Amino acid sequence: MDKQLSKKSVFEHLDKIANTDAGTEREDEVLTGFLRSLGLRKPSKMTEQDAEKLLVNLAEDNCSKEFVESLVYWLLRQGISSVAKETILKSDLDGDGVPLWQELIDGTDPFADDRNLSQKHSYLGMELNKVREIEI
Ligand SMILES: [Ca+2]
């Protein structure tokens, strides 16, 4: 129940962010063209399969974090169907166990497992500290 509530508030929060920016006509053109090039329906009519197809293409193209961000906010502004919205926001393109909505909020890259990377960094840091201790 709590989880449902927090998911709802996160989705509302993302909607709010999406609507703080009206976007531009150019953006509309580019992103509408992008969906069309993939043979997808318009956002309000998107099915779960459309959303999955979109995600697969994003992952394969290894799009920038910024592109995914503006695409998702644009889709939200366009009134994307709730089933497609769920599919996209809950997706985990890089397989790091962190859903897209969380990556958006945290500002992490949905295509790079950058959390594990930072874990590796801190692990490396620990190793270095160990070495230093031994030297001392
Ligand atoms: Ca992820």
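These are my notebook entries on what I looked up in this predicted model.

**Entry 1: overall make-up**

I began with the elements of the protein chain and found 7 helices and 0 strands. Read from the N terminus, the order is α-α-α-α-α-α-α. The chain has 136 residues, and buried ones make up 20% of them. I also looked at how contacts spread along the sequence: of those between residues at least 6 apart, 59% join residues at least 24 apart.

**Entry 2: confidence**

Next I checked how far the predictor trusts its own model. The average pLDDT of the protein chain is 83, and 79% of the residues score at least 70. Where is confidence lowest, and where is it highest? Helix H7 (residues 114-135) is lowest with a mean of 52, while helix H5 (residues 82-89) is highest at 96. Residues 119-125 have a pLDDT below 50, and I found 0 contacts for this stretch in the model beyond near neighbours in sequence. I am leaving that part of H7 out of the entries below.

**Entry 3: H3 against H5**

Two packed helices are described by the angle between their axes and the distance between the axes. For helix H3 (residues 48-61) and H5, I noted that the axes come within 8 Å and cross at roughly 35 degrees. The crossing of H3 past H5 is right-handed. Which residues make the contact? From H3 I listed Glu48, Asp50, Ala51, Glu52 and Leu55, and from H5 Val83, Ala84, Thr87 and Ile88. Sorted by type, the residues of this contact come out as 5 nonpolar, 1 polar and 3 charged.

**Entry 4: Leu55**

I then followed one residue of that contact, Leu55, which sits in helix H3. Is Leu55 buried or partly exposed? I counted 19 C-beta neighbours inside 10 Å, and being buried takes 20 or more, so Leu55 is classed as partly exposed. Leaving aside residues up to four places away in sequence, Leu55 touches Ile88, Ser91 and Leu93. I also took the C-alpha to C-alpha distance from Leu55 to Thr87, which is 9.0 Å across 32 residues of sequence.

**Entry 5: Asp94**

My next stop was Asp94, in the loop between H5 and helix H6 (100-106). Asp94 is partly exposed because it has 19 C-beta neighbours inside 10 Å. Setting aside residues up to four places away in sequence, I found Asp94 touching Pro110, Phe111, Ala112 and Asp113. For Asp94 and Pro110, the C-alpha atoms are 6.0 Å apart, with their positions 16 residues apart along the chain.

**Entry 6: H2 and H4**

I finished with two length checks. Helix H2 (residues 25-37) has 13 residues, so at 1.5 Å a residue it should span 18 Å, and its end C-alpha atoms are indeed 18 Å apart. Helix H4 (residues 65-77) also has 13 residues, and its reach of 18 Å from first to last C-alpha is close to the expected 18 Å. In H4, I marked Val68, Val72, Tyr73, Trp74, Leu75 and Leu76 as buried.

I looked just past the end of each of these helices too. Gly39, just after H2, takes a positive phi of about 75 degrees. Just after H4, Gly79 has a positive phi of about 70 degrees.

How values were computed: Residues are numbered from 1 along each chain as its sequence is written. This is a predicted model: local features need pLDDT of at least 70, side-chain atom pairs count only at pLDDT 80 or more; totals for chains, interfaces and linings use all residues. pLDDT is the predictor's confidence in each residue, from 0 to 100. Helices (H or I, at least four residues) and strands (E, at least two) are DSSP runs, numbered from the N terminus. Two residues are in contact if their C-beta atoms, placed from the backbone, lie within 7 Å. Axes are lines fitted to C-alpha atoms, for helices over the stretch in contact, and angles run from 0 to 180 degrees between N-to-C directions. A crossing is left-handed if the near helix is turned anticlockwise from the far one by less than a right angle, and right-handed if clockwise. Ala, Val, Leu, Ile, Met, Phe, Trp, Tyr, Cys and Pro count as nonpolar, Asp, Glu, Lys and Arg as charged, and the others, Gly among them, as polar. A residue is buried if 20 or more other C-beta atoms lie within 10 Å of its own, exposed if 12 or fewer, and partly exposed in between; C-beta atoms are placed from the backbone. The expected span of a helix is 1.5 Å times one less than its number of residues.
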